[in-house]
Amino acid sequence: MKSGKFWAWVVFIVGAAYFFIPLAATVEFSLRMRRGVHSFDAYQIVLGDARFQSTFLYSVVAAIFTIILGVLVVVPAAYWIRLRLPQLRPVVEFITLLPLVIPAIVIVFGYIRMYGSNSPLPFLGSNMGANALLVIGYATLALPYMYRAVDTGLRTIDVRTLTEAAQILGAGWGTIIGRVILPNVLIAVLSGAFLTFAIVIGEFTMASLLNRPAFGPYLQNIGANRAYEPAALAIIAFAITWGCMSLIQILSRFAPKSSNRPN
Amino acid sequence: MTDLTLSNRTIASKPAPPNEATAFRLPTQWIGVAPFFIFALMFLILPTIYLVIGAFQNSDGQLTFDNILQLVSDPSISSSYWVSIKISFWSAIIGAFAGLAIAIAIVRGGLPSWTRSATLTFSGVASNFAGLPLAFAFLATLGRVGIVTTLLRDVLNINIYAMGFNFLTTSGLIAVYLFFQIPLMVVIIVPAIDGLKKEWGEAAATLGATQAQYWRMVVIPVIWPSFLGTVILLFANAFGAIATAYAFAGPALNIVPIKLYSQINGDVLHNPQLGYAIAFGMIVITGLANVFYIWFRTRSERWLK
C-alpha cells in the first residue's frame, strides 16, 4: 500500500507538471513584451485592439443565439420524448451523437455546397444568412452536450405529473414548456449553455470557412503575425473556459439530486 | 390513426412507428419533436448525405468510383490520411493510458481529497481548451523562443531544436494533443472507476485473491469496455481537430482536415468532387471508430449501473 501511494504521487506530480508548465510558461511569456521587465503590455494591446473587441463581441452574440437555438430545438424534443414518444429515444440519441462522428469541417463543407448562393435555400447569399448558418452550425456542434444536459435535467423531475397538473389548471403547451418545464430544468439548460459558450467562443473552422468576422479567425490572424499577443490571448481563452466550467460546477450544486421517476 | 396523417415526411421516414398503446393522445403527437427532426435533417443529415453522394459522382453527376480510388492512389492524399490516423491513434492510446493512470492515482491512490477535486476541475477545463489558444500556449512554451526552450538552452545547454524537436512532426503534434486528450480520458474514466463497488474488492479478498489478481480478474475486465470506448472517442476527437495544427503551420501541414480545409477554400486539388471524397473518407473513419465506441459503451454500462 505504501508503494502504491508513492506511485500515485509520482503520477499526480508528473501529470501536474505536464499541464502546469505550459500554462505557467504562457503566462510568463505573455508578460515579456516590454524588454527586461514584466508588464501587461500584451494584454493592453490585445484588449485595446478594435478588432479584438468587434470579433469577440461577434462571437459572444453568436454564442448567445446558438444557445437560444439549441434550447428551442432540444428542450421540446427531449420533453416530448420523455412524455409521449419514449420509443423514439434511441433514434434521437443516435442523431445527437452524430456531431461527434461527423467532423465540424465536414458539416460546414456540406453547408457551403448545399446552401450556396445559387441553391434553393441561399443562406450564403446574404450576410445575415451566413450569420444564421454559422449559428446553426454551432448549434449542431453543441447538440450532443445540450441534449445530454437537458435530458439529465428532465430525469430529475416528474415530467408527466407536472404536465398533467398544468393541464388541469388550464395551461396550453407553450405555457407548460415555457413556464413549468423550462424553469424546472433551468440549471441543466444553463450547464449546457455554458458548455456551448466555451465550445463556440473560439471556434475556428466553421467561422473561417463561412468567412465570418468571429473571434476564432481573429485568433488565427494574430497567431500568425504577432509574438506576445497570442500568449496573452491563450491565457484569456483559458480564463474564459475556466469561468464557464466553474459556473457549471457552481450550478450543479443547486441542481435537484433526487429523482422521482428514475429511468 | 389521426396523428399519422399529420406526421411530416421527416417523421414518416423514421423506423419507429407511433405506439398505439400511449395513454392519451392528441393529434399533436409529433409536434414536439418536429423542430428537432427538421433541424437535424436539414443541417446535419442532408448536408452529410449530399457530400457522400458527391463523392460517388463525377462533375457531370454520373456515378463513378474514381474519387474514392484517388484517395488511395494520390500519394499526397493517402499520406495525409496516414499521418492523421497515426497522430489520432497514438494520441488516443497515450492519452488514454496517461489519463487512466491519473484517474487511478486520484481515486484509488490514497492521495488527499483535494487532488481529486483539483484534477477533475482542471480536466473539465483542459478537455475543452483546444484549438488555437492551445497552440499559442505551446508555442510560448516550446516554440523557438519559448520559455522552456530558452531555459533549457541557457541553463542546461540543451537545444531541443538542434535535437530535432518540431511541432510539425507527428510526435510534436501528439505531445500537444495530449493536453486535451488526457483530461478528456480523466473526465470520462473517473466515474467508471468510481463505479467499481467496494464489495467486489472485499469479496475478492475474502476468496483469497491477491491485489494483483483483484486487478487482473475484476477491475480490468469491468473497466475495459469503457476504457476501450473512450480510446475510440479520443481517436475521433483528434482526427477531426484542425485549429491547433493550423495555428502551428497554416495550410502547410499534411493532415486530412487541413487538406480538406485548403480544398474548400481554394480547390487546391482542382477537382471539387475529390473534396467530397476526402470528406466521405473522414466520415467513414470516425464513423467506424464510433460504431465500436457505442458497442463497447453499451457493454460497459451493463456493469456500471
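Here are a few worked exercises on a predicted two-chain model.

**Exercise 1. Work out what secondary structure each chain is built from, and how much of each chain is buried.**

Step 1: Start with chain A. Its secondary structure comes to 12 helices and zero strands. Reading from the N terminus, each element in the run is an α.

Step 2: Do the same for chain B. Here you should get 14 helices and zero strands, again an unbroken run of α elements from the N terminus on.

Step 3: Now look at burial. In chain A, 48% of the 263 residues count as buried. In chain B, 43% of the 305 residues do.

Step 4: Check how far along the sequence the contacts reach. For chain A, take the contacts with a separation of 6 or more: residues 24 or more positions apart account for 74% of them. For chain B, 72% of the contacts between residues at least 6 apart join residues at least 24 apart.

Step 5: For the overall dimensions of chain A, put a box along the principal axes. Its C-alpha atoms fill roughly 75 × 70 × 30 Å.

**Exercise 2. Decide which parts of chain B the predictor scores lowest and highest.**

Step 1: Get the baseline. Chain B averages a pLDDT of 81, and 88% of the residues score at least 70.

Step 2: Compare the elements. Helix H1 (residues 2-6) of chain B has the lowest mean pLDDT, at 43, while helix H3 (residues 34-55) of chain B has the highest, at 91.

Step 3: Look around the low end. Over residues 1-14 of chain B, pLDDT stays under 50, and the model has 18 contacts beyond four places in sequence for that stretch.

Step 4: Round off with the scores for the complex: an ipTM of 0.86 and a pTM of 0.84.

**Exercise 3. Compare the UniProt "transmembrane region" spans with the modelled helices.**

Step 1: Pull the spans. For chain A, the unreviewed UniProt entry covers 7-25, 56-79, 91-112, 132-150, 185-210 and 230-251. For chain B, the unreviewed entry lists 30-53, 87-111, 131-152, 164-193, 213-236, 243-262 and 274-296.

Step 2: Test two spans in chain A. Residues 132-150 are 100% helix, with end C-alpha atoms 23 Å apart. Residues 185-210 are 81% helix, and their ends lie 33 Å apart.

Step 3: Test two in chain B. Residues 131-152 come out at 82% helix with ends 26 Å apart. Residues 243-262 are 70% helix, with ends 13 Å apart.

**Exercise 4. Describe how H7(B) packs on H8(B), then find what A:Ile21 touches there.**

Step 1: Get the geometry. Helix H7 (residues 131-142) and helix H8 (residues 147-155) of chain B pack at about 15°, with axes 3 Å apart. That angle makes H7(B) roughly parallel to H8(B).

Step 2: List who meets whom. B:Ala140, B:Thr141 and B:Leu142 in H7(B) meet B:Ile147, B:Val148 and B:Thr149 in H8(B). By class, this contact has four nonpolar, two polar and no charged residues.

Step 3: Bring in chain A. A:Ile21 sits in helix H1 (residues 2-30) of chain A and touches B:Thr141 and B:Val148. With 14 C-beta neighbours inside 10 Å, A:Ile21 counts as partly exposed.

Step 4: Zoom out to the whole interface. There, 65 residues of chain B are in contact with 69 residues of chain A. H3(B) gives the most to chain B's side, with 11 residues. That side divides into 44 nonpolar, 20 polar and one charged.

**Exercise 5. Say how enclosed H13(B) is, and pick out residues with positive phi.**

Step 1: Count the buried residues. Eight of the 11 residues of helix H13 (residues 256-266) of chain B are buried, so the helix is largely enclosed by the rest of the structure. The buried ones include B:Pro257, B:Lys259, B:Tyr261 and B:Gln263.

Step 2: Step off the end of the helix. B:Asp267 follows H13(B), and its phi is positive, near 45°.

Step 3: Recall the usual case. Most residues other than glycine have a negative phi.

Step 4: Find another positive phi, this time in chain A. A:Asn211 has a phi near 60° and lies in the loop between helix H10 (205-209) and helix H11 (215-225) of chain A. It counts as partly exposed because it has 14 C-beta neighbours inside 10 Å.

Conventions
Residues numbered from 1 in each chain as written. Chains lettered and ligands numbered in written order. Predicted model: local features only at pLDDT ≥ 70, side-chain atom pairs only at ≥ 80, totals over all residues. UniProt positions renumbered as here; feature names shortened; annotations may be inferred. Helix = DSSP H or I, 4+ residues; strand = E, 2+ residues; numbered from the N terminus. Buried ≥ 20, exposed ≤ 12 C-beta atoms within 10 Å, placed from the backbone. Contact = placed C-beta atoms within 7 Å. pLDDT = per-residue confidence, 0-100. Axes fitted to C-alpha atoms, helices over the stretch in contact; angles between N-to-C directions. Parallel < 35°, antiparallel > 145°, perpendicular 65-115°, else oblique. Nonpolar A, V, L, I, M, F, W, Y, C, P; charged D, E, K, R; others polar.
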